[in-house]
Structure formats: C-alpha cells, structure tokens
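Biologist: I would like to learn how to read a model of this kind, feature by feature. Could you give me the general idea each time, and then the case at hand?

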Amino acid sequence: MAAFKGREQPVWAAIDCVARPANYAQPSMEVGSFATQSHVIVVAGKGGVGKTTMSAALARMAADTGLSVLIVELEGKSGITGAFGLRGDLGYEEMELAGSVRARRITPDDALVEYLEDHGLKRVSKRLAHSGLIDVVATAIPGIREVLVLGKVKQLERERVADLIVVDGPATGHAITFLTSAGGLVSAARGGPLRAQAQDVVELLSDPTRCRVVLVTLPEELPVSETIESAYTLEDKAGVQLGPVIVNACDPEPEGLGRPANEVAASVGASVPAAHLAALEAAREFRLARHAVSAEQVDRLGRELPLPHLLVPAVDADAIGPQEISILAKALAGAVGMLAAVPKGAE
C-alpha cells in the first residue's frame, strides 16, 4: 500500500492538517468534545512506549472536564492502579481510582463466565471456565478470546456505564489480531449466538461515534516505524477509526544552548578550566543531538502517516503516580487545544 504523504511540520506543530481519508478522526475543538467524539477509545502501542500511562492520562484529562470514565484493563498488572496512587491489581469488579475515574479488568475467562451465565449456564459457568475450556475452544475457534473480551466492552458501551470507556489495549502486534478477529469470525461462522456476538463487535469497531483507536509511540525510529505500519494495517484490516497519535516522552526544544561553551564563558569573562569546558561542550552537543533525533522522528511520522499528533513531554520521575498523571493529563489537554489552533483550510 502506498504511504500517504503529509506536509512537512515542525516538531511542536502538533497537527498535520492535510486532507485525510474519511475514516480518520478529525481534529476536535476542545477537550470535552475530543473526549466524547467516540464512546470507546482503545489505546494501543509497542511495548515500552507508555501505553498504560497514556491510558491513565487520557482518563484523567477526560475526568477533569467533568466526564465519568471507566478504564478497562486487559492484560493484568498493567500499572493502572499505581498511576492513581493505589496498590494491588484490578479485578473483574469495578473499583474507584480517583473521583469520576473507575477501572476494571476483563479477561477471556471472566468474559466467558458471564457469557455462559447469560445463556442459561450459570451453575456450571465458573467450573467450565476454570477447567481450561477457553483454551480448547480457542484452538477450535480462532478469535474467540478476542470476541469474548470485546463483546463485554460492547456490552459496557451499550449500557452507558460511563461517558468514556478507555481500553488499555494490548501491544500493537497483538492489537491487530485483537481488533481483526471479530471480522474473521463473522466470515467463518454461518450463524448462532457466537456469530451474532462477533457481528456486534464488528459494528462497534467500525462505528466512529462508538469506537476509535489511539496509537501511542515514542519519538524513536523503531516505535515510529511500527506505529506507521500498524496504523495502515488497522485501517486496512480492522476498519477502525484512528484518532490522533500520542507521541510520548518528546524532547522539548533546548534553551540557552545556541553557542558553544567556550564562547559563553568568554562572553561573561569567566575563567573555566579547559577540561570543564570540554565536558560542558560534550553535554551541550549530546543534548542537541538527542533533540534532533526526537524532532526528526516526529517529522517523519508526520510525513508518512497523515494523522494529527498529540505531543507529550517526558516526565522526570522514578515512577508514575497521581502527580505525574496530572501533569501528563494537562499536557495532553494542551496538545488537544492546539488541534483547534490551526485555521481551517491550512496546509
């Protein structure tokens, strides 16, 4: 597939405003409307790019506008609770994280138990699920795990359990399978409740007012390359709407590093040992080089993938907690606000 070409953009331009295919999410005017463009946001990204952290920050950003948010965690021990200052892992039952933000975990076994109970097998549902039935069925029916989990997400969406549901999805490699399995099951199954469930999931994923996918990346070569490839694959195979790409841990524009260390020292009449000047100059060059790499990768992302960007700075912290999530949520809100700052028709 030929890559779309966006216009050249500075690293902090935040949005590429070229014309987009119809199934790409369009820029929002403000944070509240951005957070409610779709009822479900599935967050996906390469392992290690901060996908879970961005899920928490998106939830916090939406909650700060007065929306109720449910975070759905899929993989277990993701760090969602720690991001909100709590201990322990999420369970199948909802728990309050902070204010109007709640969270729960959904696994195929959990979803299977509820599915069996809803179909008149309550007495044996847990026994069947814990007996390894899901593994046997998954071998016989590819995609059943994903359909069970997404079927539960679909149910939550229909029941309007929150203004926004943020799904902390799997890493991009698995996310493609996760989001395309329902379509494959619809094509393979002739009828029955399982096909109906899969069809409902396909309808959820393909309706931009109900669901969109937000990819998270880092301003580094490999994560950016995988994000570009994943975006086109998801568009082609899953038919989902893609929201803005969150570029996490962006390197801000260096300030005060325009001149070499020896020139700065000479301009203020400071006597600095040569070894110290050499160390300062090496640090300056390293800082500029790091920023250049970050800026070049964000620029490449803009050229090769015609999606808006939400640029989020790196947070200097040993661990991500409530304070860091609040900072990142405000940074995301600022980036969303920049989406509306580009005049209509700008190219």
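Modeller: Let us begin with charges and rings: a charge sits over a ring if NZ of Lys or CZ of Arg is within 6 Å of the ring centre and within 35 degrees of the ring normal. Please keep in mind throughout that this is a predicted model.

Biologist: Which residue lies over the face of Tyr-92, and which over the face of Phe-34?

Modeller: Arg-104 lies over the face of Tyr-92, at 4.5 Å from the ring centre, and Arg-212 takes such a place over Phe-34, at 4.6 Å from the ring centre. Pairs between aromatic rings are another matter, since the structure holds zero of them.

Biologist: How many helices and strands are there in the protein chain, and what share of the residues counts as buried?

Modeller: The protein chain has 13 helices and eight strands, and 48% of its 347 residues count as buried. Among contacts with a separation of 6 or more, 76% are made by residues 24 or more positions apart. An example of positions far apart in sequence is given by Thr-36 and Leu-164, which are separated by 128 residues in sequence but by 6.7 Å in space, C-alpha to C-alpha. Thr-36 is found in the loop between helix H1 and strand E1, and with a relative accessible area of 40% it is partly exposed.

Biologist: Which residues have the most contacts inside the largest nonpolar core?

Modeller: In soluble globular proteins, nonpolar side chains tend to be buried together. Here the largest nonpolar core has 52 residues, and those with the most contacts inside it are Val-72, Ile-106, Val-167, Val-213, Leu-234 and Leu-305. A second, separate core of 39 residues includes Ala-35, Leu-90, Val-216 and Val-312. If we leave aside residues up to four places away in sequence, Val-72 touches Arg-104, Ile-106, Val-153, Leu-156, Ile-165, Val-166, Val-167 and Asp-168.

Biologist: Is helix H7 mostly covered or mostly open?

Modeller: H7 is mostly covered, with twelve of its 16 residues buried; among them are Val-153 and Leu-156, and also Glu-146, Lys-152, Lys-154 and Glu-157. The helix runs over residues 144-159 and reaches 22 Å from its first C-alpha to its last, close to the 22 Å expected at 1.5 Å a residue.

Biologist: What follows H7, and what is the sign of its phi?

Modeller: Most residues other than glycine have a negative phi. Arg-160, which follows H7, has a positive phi, near 55 degrees. Arg-160 is found in the loop between H7 and strand E5, and its relative accessible area of 53% makes it exposed, because the cut-off for that class is over 50%. Ala-249 also has a positive phi, of about 60 degrees, although it is not a glycine; its place, however, is in strand E7, and at 30% relative accessibility it counts as partly exposed.

Biologist: How many disulfides does the structure hold, and are Cys-211 and Cys-250 buried or exposed?

Modeller: A disulfide is a covalent bond between the sulfur atoms of two cysteines. The structure holds zero disulfides. Cys-211 is buried, with a relative accessible area of 0%, and Cys-250 is buried as well, at 1%. Both values fall under 20%, and therefore each cysteine belongs to the buried class.

Terms used
Residues numbered from 1 in each chain as written. Predicted model: local features only at pLDDT ≥ 70, side-chain atom pairs only at ≥ 80, totals over all residues. Heavy atoms only, no water. Helix = DSSP H or I, 4+ residues; strand = E, 2+ residues; numbered from the N terminus. Expected span 1.5 Å × (residues − 1). Buried < 20%, exposed > 50% of the residue type's maximum accessible area, 1.4 Å probe, protein only. Phe/Tyr/Trp six-rings, centres within 6.5 Å; stacked < 30°, edge-to-face > 60°. Disulfide = S-S within 2.5 Å. Core = buried A, V, L, I, M, F, W, Y, C linked by side-chain atoms within 4.5 Å. Contact = heavy atoms within 4.5 Å.
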